[in-house]
Every structure is written in structure tokens, then in C-alpha cells.
Number of protein chains: 2
Amino acid sequence: MPARPQPAPLETDAVIIGAGPVGLFQVFELGLLEARAHVIDALPQVGGQPVALYPGKPIYDIPALAVCTGQELADALMRQIAPFEPVFHLGQQVSHLARQADGRFLVETTAGTRLMARAVFIAAGVGAFQPRPLKAPGAAGLEGTHLLYHLPPPARLAGQRVVVAGGGDQALEWAIRLASATGHDAPACVTLLHRRDAFTAAPETVARMRALSEAGSLRLAFGPLAGLEAEHGRLTRLTYTGADGATQFLPVDTLLASQGMSPRLGPVADWGLAMERKQLVVDTEKFQTSEPGIFAVGDINTYPGKKKLILCGFHEATLAAYGALPYLFPGKDVFFQYTTTSPRLHRLLGVAPEAADDPPPASDGA
Amino acid sequence: MPARPQPAPLETDAVIIGAGPVGLFQVFELGLLEARAHVIDALPQVGGQPVALYPGKPIYDIPALAVCTGQELADALMRQIAPFEPVFHLGQQVSHLARQADGRFLVETTAGTRLMARAVFIAAGVGAFQPRPLKAPGAAGLEGTHLLYHLPPPARLAGQRVVVAGGGDQALEWAIRLASATGHDAPACVTLLHRRDAFTAAPETVARMRALSEAGSLRLAFGPLAGLEAEHGRLTRLTYTGADGATQFLPVDTLLASQGMSPRLGPVADWGLAMERKQLVVDTEKFQTSEPGIFAVGDINTYPGKKKLILCGFHEATLAAYGALPYLFPGKDVFFQYTTTSPRLHRLLGVAPEAADDPPPASDGA
């Protein structure tokens with residue numbers, strides 16, 4: 001059987017791997033240099049680790065933002081980069097990265113996205129975030145069928161006994177959505193199982209969950225999950241340890257496990273780039289990896305003095321954008337300009353030109 | 001005659017030279033490491049070049065701040081560093097910097113401030129901003145007596161014929177204040193001289209100035225200043241070129257010149273630090289100069305890849321703070337922590353501790 005012909009890849013200036021704060025700001029710095037970017041992320045939304053792991057927790061060390069949450073930071077960066085119209089490919093992971101004969105890079109993802117770019121920026125943080133697998137006995141053989149790490153389409157759980165295991169925002173949001181469902185697609189019953197009666201979700205989310213519990217729409221069970229039992233490959237019940245130490249049984253058709261996310265470096269480790277303790281080695285002039293044209297910014301890189309701080313990644317993304325110019329626009333001179341004074345940058349940013357008789361600052365960029 | 005005994009210098013962990021955006025953020029990063037800082041600046045206010053030269057102009061490339069003015073940036077940074085209670089010494093320039101026998105640095109200013117610190121951070125931008133001197137014939141001999149570059153106390157101009165030369169915010173603010181003065185200290189008359197009938201000051205300021213002119217409290221004169229004439233060392237009149245090309249005469253007792261600010265590197269150049277084209281050479285691990293314990297951050301430093309951007313200075317200030325730890329707290333281990341999760345940093349920042357059962361993000365700083 002002949003191989004199915006693949007469509008031609010989308011051509012772009014740059015591919016950014018990772019849509020966390022640093023990957024988003026990479027779009028901005030490339031945009032100021034008139035380079036278009038596509039952004040790939042394993043998560044279903046932008047914002048990276050701060051949004052995936054602690055969207056509501058305050059961050060205090062973004063310069064000139066005395067306090068902001070991870071979600072607010074992502075929102076602010078999305079507003080800032082909007083003029084450059086980045087193209088996002090979310091919920092997919094880079095599966096293949098290879099230099100082509102003409103020097104460009106072919107980037108392919110697990111969702112079949114194919115991109116051809118002149119420079120690649122790896123802003124993958126600690127790796128692609130993936131659901132942490134359930135370790136309980138009996139779990140391994142049921143993954144993907146009766147044990148899921150995501151919320152499936154409603155029809156998939158119609159009439160079933162569903163247990164949601166977890167105590168964070170994601171687990172509670174799933175339990176609330178399922179317990180509120182009505183009509184043909186509603187599950188038969190929904191139970192939220194958590195190791196103890198204390199939740200790390202946002203207080204408003206906990207309150208909504210408790211209201212559903214008091215109304216009888218959602219059952220609560222507390223105690224560590226002990227095991228999953230199956231008959232003929234079908235999940236029938238799970239066991240957990242109750243407050244009195246006795247084993248409790250819970251009948252279940254589908255278990256939705258929300259045990260947090262953990263990062264995996266994934267294929268980045270296989271691209272032959274120089275690494276040091278799971279981080280990509282870069283220089284501090286261009287933040288380029290050992291492979292010309294491939295840059296690494298943010299938590300995934302390492303160099304003398306490195307601190308894993310978002311604000312440092314912003315600087316790295318800036319110098320990486322300039323460092324990539326010879327690959328992005330070979331032979332073209334691009335002059336360094338300030339957003340405060342450059343009419344060219346104002347045009348790119350879509351802001352009104354300044355008054356013609358307003359002189360530029362005396363010594364800006366002298 | 002014996003030398004007047006000098007008071008003992010104030011002791012502090014760090015001295016920061018320059019209160020621009022990067023100098024202000026240096027306070028923050030030192031504060032997170034529990035180091036106290038004194039900040040010195042030649043300007044009478046904090047905020048550095050963006051505030052001194054273009055306080056109202058939008059800046060577009062501060063990460064996660066899609067747009068802010070120089071004044072807004074300074075205000076935001078002042079709010080962010082407030083918990084660390086920096087001590088400011090404004091309107092004065094460092095005149096002397098010398099290492100003492102015990103390894104610390106004695107820093108003295110033109111205003112007589114004396115500080116003793118274990119580390120020095122030079123965040124002096126393009127240098128200390130000073131009023132641009134008037135180049136007109138006759139000006140040099142009258143500086144400081146009849147030609148001033150600042151607004152003196154009101155009594156100094158009582159009953160005088162005053163001319164303010166300039167067309168920016170500062171010149172108009174001076175003219176407005178003097179033309180609005182009443183009582184014993186009021187000048188006899190106030191004239192605003194500018195090269196042409198177009199002003200770069202904020203529109204509201206121009207409107208207030210024009211209202212005073214229409215009310216007869218302020219005279220306006222337009223044309224390039226040609227020279228200053230004096231009798232027995234006393235300024236008597238100045239000449240300027242009118243619209244018709246003819247020389248015009250303006251009787252005057254005191255001329256206040258506001259011709260903008262220009263930076264001077266000043267004594268930084270005399271401290272024996274390695275320089276390259278007027279910039280201080282630093283490494284990219286600690287942003288340390290050629291002198292151990294003296295760091296340079298922001299526009300004043302240079303290294304391969306350097307871009308003179310505020311956001312890069314934020315990164316440099318961060319690594320410099322960590323780089324200075326061996327000088328600030330010899331022999332003490334200080335562990336890297338995140339503002340999102342560290343109870344110690346929350347205490348320093350004066351924010352409420354997080355709930356005790358709120359687990360830290362799975363992979364933060366792993």
C-alpha cells in the first residue's frame with residue numbers, strides 16, 4: 001500500500017514550542033522584527049505552567065506588576081501580542097523536528113500539524129504537561145477505556161455511574177459539570193472521591209460543589225483510593241480506605257482521574273541538542289542551542305547564572321529574536337528601534353502615530 | 001586649621017546608583033534576598049530617563065504591560081518595591097566611590113550624603129541627567145547668578161524682570177508658576193521666550209500658559225535666543241531674532257533656561273572600572289564589573305548581545321542581586337525561592353500567607 005501523500009507544510013518565519021509566558025512574549029519580540037510565528041503547546045490553553053497548575057495564585061515578581069495571577073499574566077501577554085496575530089496549535093505536542101536540505105526546519109505535531117520555519121524557539125519550560133497517571137492497583141489496564149484523564153464528550157458518560165477522583169480545580173469543575181447535566185446525556189450518578197474533606201480548588205468552586213452535594217446531585221466520598229476492580233476488562237468498582245480504616249467499595253463504570261499535571265520533556269531530548277541535567281545549553285548572546293537556528297528560552301535552558309524566573313525568560317526571548325535575524329531574514333539589515341519613538345514599530349503595533357513635531361528623546365538609543 | 005570631622009557614614013547592605021526603572025527593580029530583587037538598599041539619583045525625582053525626558057509618552061515593550069507611560073512605569077515599580085523601604089537620596093550625584101580596608105565601599109554624594117555598603121549597583125543609564133547649558137554668547141559668565149537652570153525659591157526673583165527660555169513641560173510649568181505668583185515675592189514681569197509659537201509641553205499645560213498670556217500675566221516672545229548682554233557683571237538684556245529677521249531686545253534681570261536635560265557619565269568614568277565605548281563591561285552570570293562587589297545593570301553596561309531595553313535591565317538586576325550574595329551575606333546560604341509559593345517571601349512582601357493545606361505547584365523550581 002503506498003504511503004498517503006501528506007499536504008505541504010504551512011510556511012512561517014518562526015515556530016515557538018510552548019505557549020507559556022515566555023513563549024507568548026517570544027511572539028512579541030519576533031513581531032517587532034516583523035517575523036510571523038506559529039505557537040505549539042501540549043495544553044489545551046495558552047499560559048503554560050502558571051495557568052495549568054495555579055491559575056489563581058498570585059505572582060509578585062513580574063516587573064512593574066506588583067501582583068498578578070498566572071491567568072492575568074497570560075491574558076495581559078495575549079493582549080500585548082494580539083497585533084502580531086500569532087497562530088496557535090494547542091493540545092498537541094511536537095513529535096518531529098528535522099532540518100531540511102534548504103536549511104529550514106520541518107516541525108510536525110501529534111495532531112498532524114506540519115510547519116516549515118526558518119527558526120525554532122523552544123520555550124517548553126519543564127516539558128509538555130501531561131496528566132499524572134493513577135498509580136492504584138488495577139489502573140494500568142483500564143486507561144483510555146474505563147479510566148480517563150480528561151472529561152470526555154457528554155454522550156460518552158450517558159447513564160453511567162461516574163467517579164471523579166481529585167480535590168483540585170479541575171476535578172471539582174468536572175464533578176460540577178457532570179452533576180449539573182440533564183437530559184439524555186446525564187450520567188446515572190456522580191461521585192467525587194478525594195482523600196480527605198479539604199479541597200485546594202478556588203473557594204467559589206468549592207462552594208458550588210458543596211451546593212450540588214447538599215441538593216443531592218453529587219455524592220462525596222473521602223479516603224485514599226486503594227484499587228480498581230474489573231470483570232472481563234470492564235471496570236466494576238473501586239476501593240478506598242474510609243475514615244475508620246475499613247475498606248469501602250464504590251460501584252463505578254467510568255473513573256475520571258484528576259491527579260494534577262506533570263511535565264515530560266518528551267521528544268526535545270531526542271533532537272541531538274546539547275543538554276545539561278535535562279536543560280538545553282545556550283549561549284547568553286543569542287540563547288541559541290548547539291544547533292544553529294534553534295533557540296531555547298525560559299525554564300528549559302541553562303547557562304551560567306541561570307535563574308528559572310519568568311522575567312529572565314522575557315530577556316532571553318528578546319535576545320533570541322535578534323539572534324535569529326540572520327536565519328529569519330538572511331542578508332537584510334534590521335535596525336534596533338524603540339517602541340516609544342519608532343513610527344515603524346507604532347505601525348506594527350497598530351497604535352496612532354505621534355504628533356509630527358514631538359521630538360524624540362534626546363538620548364534614547366544614542 | 002584641622003579638618004572638620006565628618007559624621008560616620010550610614011551603613012547599608014547595598015547602594016544603587018540610579019533611580020530609573022532598572023535601579024528601582026534592583027531594590028526589589030535585593031529585597032527578596034533581604035538586602036536593604038539606598039538609592040542615589042542626580043534627578044530630583046525617581047523614574048530616570050523615561051520620567052525626565054518623556055513622562056507621558058507610551059512605552060509598548062514592558063512584558064505584560066501592553067502600554068504604559070514612563071511615569072506609570074515608575075509609579076508601578078515604586079508600589080512594587082514599597083515593602084522593602086528603600087532610602088532615596090535624590091538631586092545629588094555620587095562624587096566619590098572607594099573601597100575601604102574592610103572590603104566595603106564608601107560612597108559620597110555632591111550633597112554630602114555618606115554611605116558604607118558591601119555591594120554597589122551602578123544603574124546609571126546613560127549617565128546623570130543634567131540641564132543642558134545655554135550656548136548663547138555671554139551665557140557662560142552669568143551662570144549661577146543671573147542665568148539659572150532651575151527654578152529658585154520665590155524670594156530670589158521678587159520684583160525682577162524674569163525671562164523663561166524654553167518650550168517644553170518644564171519651561172511652561174516655571175512660567176505658569178511665576179506668572180501666577182502674587183504678593184511680595186512676585187516678579188515684576190514674566191516673559192516666556194521660545195524659538196517659535198509651537199510647544200512640546202502637554203496640551204493642558206499649554207492651555208494654562210495661554211490663558212495667563214491672554215489675561216496679561218505672561219508675555220510671550222518668539223524667536224531664537226541670540227545673546228545675553230551684561231553691565232558690570234549684571235545681566236541687563238537679551239537679544240533674539242524676531243520673525244522678520246530683525247534683532248529684538250528684551251530687558252531682563254534673571255534668565256531661567258530650560259533647554260532639556262543631557263546625560264553625563266560623570267565620575268563613573270573615573271573609578272577605574274573596565275569600559276568599552278563609555279559602557280561598563282560586565283559578565284552575563286553576575287553582571288559584575290571588573291571590580292569585585294561592583295555590579296552594573298541597565299543601559300550603562302555592555303556584554304555580547306546587549307540591547308538597551310528596560311526589560312533586559314530587569315533580568316540583569318535579578319542576576320546581579322544573586323551575584324552579590326557572597327559580598328552581602330558572606331558565608332550565608334540563601335536559597336532560591338518563588339514569590340508564588342514561598343512563605344518567607346510572602347512575609348517579606350507583606351502579603352497574607354497562603355492556606356496551610358495549599359500544596360506548592362508540582363514542578364515549580366524542581
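These questions and answers test labels on a predicted model against their cut-offs. Local features need pLDDT of at least 70, and side-chain atom pairs count only at pLDDT 80 or more.

Q: Why is B:C68 said to be in no disulfide?
A: A disulfide is a pair of cysteine sulfur atoms within 2.5 Å. A search of the whole structure finds 0 disulfides over all chains. For B:C68, the nearest cysteine sulfur is that of A:C68, 14 Å away, so the pair fails the cut-off.

Q: Why is B:C68 called buried?
A: Buried means under 20% relative accessible area, exposed over 50%, partly exposed in between (1.4 Å probe, protein chains only). B:C68 has 4%, so the label buried applies.

Q: What makes A:R161 and A:D253 a salt bridge?
A: The term requires a side-chain nitrogen of Lys or Arg within 4 Å of a carboxyl oxygen of Asp or Glu. Here N to O is 3.0 Å, so the pair qualifies. A:R161 lies in strand β11 and A:D253 in the loop between β16 and β17 of chain A, so the pair ties together parts 92 residues apart in sequence.

Q: Why is A:R161 called partly exposed?
A: A:R161 has a relative accessible area of 30%, so it falls in the in-between class. Its partner A:D253, at 12%, is buried.

Q: How do you know that B:E11 and B:R104 meet in a salt bridge?
A: Their N to O distance is 3.2 Å, so the criterion is met. B:E11 lies in strand β1 of chain B, and B:R104 in the loop between β6 and β7.

Q: Which of the labels buried and exposed fits B:E11, and why?
A: B:E11 has 59% relative accessible area, so it is exposed. B:R104, at 19%, counts as buried.

Key. Residues numbered from 1 in each chain as written. Chains lettered and ligands numbered in written order. Heavy atoms only, no water. Helix = DSSP H or I, 4+ residues; strand = E, 2+ residues; numbered from the N terminus.
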